[in-house]
Amino acid sequence: MEEPWPLGPFIKADAANPCLAPDAATIFDCPLAGSVAWEAKDVFNPAAVVRAGKLCLLYRAEDTVGRFHGTSRVGLAESDDGLHFTRRTAPVLFPARDAQQAIEWEGGCEDPRVVERAEGGYVLTYTAFDGCVARLCVATSDDLVQWRKHGPAFGGDYAAWWSKSGAIVCRREGERLIATRINGRYWMYWGESNLYAATSDDLITWAPVMTELTMARQIVVSGASYAIETEAAALTPQVVLHPRPGRFDSALVEPGPPAILTDRGIVLIYNSANAATNGDPTLPPRAYSPGQVLFDPADPTAVIWRCQTPFLQADRPYEIAGQVNHVVFVEGLVPFGGRWLLYYGTADSLIGVATGPAVSE
């Protein structure tokens with residue numbers, strides 16, 4: 001029985017795919033490393049947004065010189081039809097001699113996701129990687145070219161957490177995906193392995209939704225009497241989605257594109273990996289495939305529906321073999337030209353696009 005997909009079904013645009021590939025000819029004068037072919041090795045995991053009638057991809061690109069499989073930077077490409085792209089010769093978000101250098105160098109700026117503000121401008125979540133810790137960070141822009149970095153999304157004691165993949169909840173207005181408040185606050189899904197939630201008043205500074213751990217109780221005996229002692233309950237990020245043994249998402253779950261508020265609920269496309277043991281036997285171990293989940297708008301931490309099977313799989317040669325084999329990793333989703341366009345990284349090496357059904361106003 002076919003899944004009742006909240007979004008889709010999506011069909012890979014084989015005539016156009018891969019729609020973006022590495023280019024060793026584009027040279028960038030990196031402020032930290034000098035002249036580099038910044039997108040020579042791989043391009044993958046793009047965000048998507050419509051600006052001035054054009055489909056814009058903000059994509060991750062790697063050079064061949066960084067110690068951690070190449071340094072990552074974010075490039076910008078534009079398209080009139082969403083299938084064929086012209087890119088800028090220089091990246092638009094990259095490690096530099098700025099306040100974020102220590103957390104971005106030399107792993108780089110990875111895996112962008114973009115939404116619009118209601119008042120104008122764009123908010124980008126991305127991963128800063130220093131080679132040891134991946135940190136979810138935020139940047140803002142008015143034109144997709146000049147970006148202001150705001151640093152880690154989580155401050156205080158949480159700034160040093162391993163955190164990544166921030167998918168902000170949006171509403172659709174025409175071809176725009178606009179960050180929207182629920183119960184007075186913005187919401188975001190984030191995390192790798194388990195999936196968590198966070199809230200914000202300004203889309204820049206975020207607070208993880210926390211829950212109390214089970215309190216520890218013990219009986220303490222002293223002579224002929226005893227007492228029950230209870231330790232203070234510690235707080236931990238609340239898990240809102242977790243891997244499932246035996247299924248395509250048995251190893252990990254991770255947010256995909258921005259979540260969308262719909263009549264059915266909050267739709268989140270999520271990425272997942274199949275476990276090497278106790279996973280889905282029909283898929284290769286560690287195969288990455290996307291799924292969909294619905295959260296309750298009255299309580300964005302509560303799941304009201306979750307798919308049983310992935311809606312896309314790595315089954316094209318350029319998805320099966322690459323930097324990381326068997327990967328379809330979705331990060332860009334946008335309504336454009338009367339249909340949904342879904343952009344994904346293929347084997348962490350190239351970029352593909354799939355088309356969905358017509359969107360209604």
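These are my notebook entries on a predicted model of one protein chain.

**Entry 1: the whole chain**

I began with the secondary structure. The chain has two helices and 30 strands. I then checked the radius of gyration. It is 21 Å, and the globule rule gives 21 Å for 361 residues, so the chain is as compact as a globular protein of that length. I also took the box around the C-alpha atoms. Along the principal axes it comes to roughly 80 × 50 × 45 Å.

Next came burial. I found that 57% of the 361 residues count as buried. The exposed surface of the chain is about 14700 Å². Carbon and sulfur atoms supply 51% of that surface.

I looked at contacts by sequence separation. Among contacts with a separation of 6 or more, 56% join residues 24 or more positions apart.

Charges were the last item here. I counted 29 positive and 42 negative side chains. The centres of the two sets lie 1 Å apart.

**Entry 2: a sheet with both chain ends in view**

I traced an open sheet of four strands. Its order is β1-β30-β29-β28, and the pairing is antiparallel. Which strands are at the edges? They are β1 and β28, the latter covering residues 328-336, and each pairs on one side only.

I looked closer at β1 and β30. They pair in the antiparallel sense over two bridges. K12 has A354 in β30 as its bridge partner. β1 itself covers residues 11-12, and β30 covers 350-358.

Just ahead of this sheet's β1 I noted a cis peptide bond. It runs from G8 to P9, with omega near 10°. P9 lies in the segment before β1.

I then went to the loop between β29 (339-346) and β30, where D348 lies. D348 is not a glycine, yet its phi is positive, near 55°. Is D348 buried or exposed? Its relative accessible area is 16%, so it is buried, the cut-off being under 20%.

**Entry 3: strand β12 and its partners**

I picked β12, residues 167-173, and listed its pairings. In general, strands of a sheet pair through backbone hydrogen bonds, either parallel or antiparallel. β12 offers examples of both senses.

With β13 (residues 176-179), β12 runs antiparallel, and four bridges join them. E173 stands opposite R176 in β13. The two strands form a hairpin with two residues between them. G174 sits in that turn, with a positive phi of about 65°.

With β15 (residues 185-190), β12 pairs in the antiparallel sense over two bridges. A167 has Y189 in β15 as its bridge partner.

With β24 (residues 259-261), β12 runs parallel, again with two bridges. V169 has A259 in β24 as its bridge partner.

I also checked the loop leading into β15. N183 lies there, between β14 (181-182) and β15. N183 is not a glycine, but its phi is positive at about 55°. Is N183 buried or exposed? Its relative accessibility is 63%, so it counts as exposed, the cut-off being over 50%.

I set N183 beside D348 from Entry 2. Both have a positive phi without being glycine. N183 is exposed, whereas D348 is buried.

**Entry 4: F129 and its surroundings**

I located F129 in strand β9, residues 122-129. Its relative accessible area is 16%, so F129 is buried.

What does F129 touch, leaving aside neighbours within four places in sequence? The list is F68, I103, E104, W105, E106, G107, G108, E110, A134 and W162.

W105 and E106 in that list caught my eye. The peptide bond from W105 to E106 is cis, with omega near 5°. E106 is in the loop between α1 (101-104) and β8 (108-116). F129 is thus in contact with both residues of this cis bond.

I ran one long-range check from F129. T262 is 133 residues away in sequence. Between C-alpha atoms, F129 and T262 are 33 Å apart in space.

Key. Residues are numbered from 1 along each chain as its sequence is written. This is a predicted model: local features need pLDDT of at least 70, side-chain atom pairs count only at pLDDT 80 or more; totals for chains, interfaces and linings use all residues. Side-chain values use heavy atoms; hydrogens and water are left out. Buried means under 20% relative accessible area, exposed over 50%, partly exposed in between (1.4 Å probe, protein chains only). Contact means heavy atoms within 4.5 Å. Two strands pair if DSSP finds at least two bridges between them. The radius of gyration is taken over C-alpha atoms; the globule rule is 2.2 Å times the number of residues to the power 0.38. Accessible areas come from the Shrake-Rupley method with a 1.4 Å probe; for residues, only the protein chains shown count as cover. Lys and Arg count as positive and Asp and Glu as negative; His and the chain ends are not counted. The place of a charge is taken as NZ of Lys, CZ of Arg, CG of Asp or CD of Glu.
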